[in-house]
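The following note concerns the charged side-chain contacts of the structure shown below. It is set out as numbered points for consideration.

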Amino acid sequence: MQNVEGECVWWSDEDGWGALRSDDVESEVFAHFSNLSMDGCHTLQPGDRVRFDVEPYPPGQDGYCFRAHDVTPV
């Protein structure tokens, strides 16, 4: 896994997931609320800066080829 810094592109509190973007990853990255490392409500807003581990996600999730782990606001 690679640790990168980026930002939230979009987030759905209703669905509990969204997408992140980093200059170090070739496409947007799937992120699930269970992978957010923060106190309180596990949610993000578009434009929030984050640091996260990213791994290829060969089976894909909703069309994403990468998945985020240990997403932490910066």
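1. In this predicted model, E5 has a relative accessible area of 35% and is therefore partly exposed. Its salt-bridge partner is R49, with 3.5 Å from N to O. R49 is likewise partly exposed, at a relative accessible area of 39%.

2. The E5 and R49 contact joins two strands: E5 belongs to β1 (residues 2-12), whereas R49 belongs to β4 (residues 49-61). The pair therefore ties together parts that are 44 residues apart in sequence.

3. A salt bridge also forms between E7 and R21, whose closest N and O atoms are 3.5 Å apart. E7 lies in strand β1 and R21 in strand β2 (residues 17-21), so this pair ties together parts separated by 14 residues in sequence. E7 is partly exposed at 24% relative accessibility, and R21 is partly exposed at 38%.

4. E55 and R67 meet through their side chains in a salt bridge of 2.6 Å, N to O. The two residues are 12 apart and link distant parts of the chain, with E55 in strand β4 and R67 in strand β5 (residues 64-73).

5. The accessibility of this pair deserves a separate remark. E55 has 18% relative accessibility and counts as buried, because the cut-off for that class is under 20%. R67, at 25% relative accessibility, counts as partly exposed.

6. How many salt bridges does a search of the whole structure find? The search finds 3.

Terms used: Residues are numbered from 1 along each chain as its sequence is written. This is a predicted model: local features need pLDDT of at least 70, side-chain atom pairs count only at pLDDT 80 or more; totals for chains, interfaces and linings use all residues. Side-chain values use heavy atoms; hydrogens and water are left out. A salt bridge is a side-chain nitrogen of Lys or Arg within 4 Å of a carboxyl oxygen of Asp or Glu. Helices (H or I, at least four residues) and strands (E, at least two) are DSSP runs, numbered from the N terminus. Buried means under 20% relative accessible area, exposed over 50%, partly exposed in between (1.4 Å probe, protein chains only).
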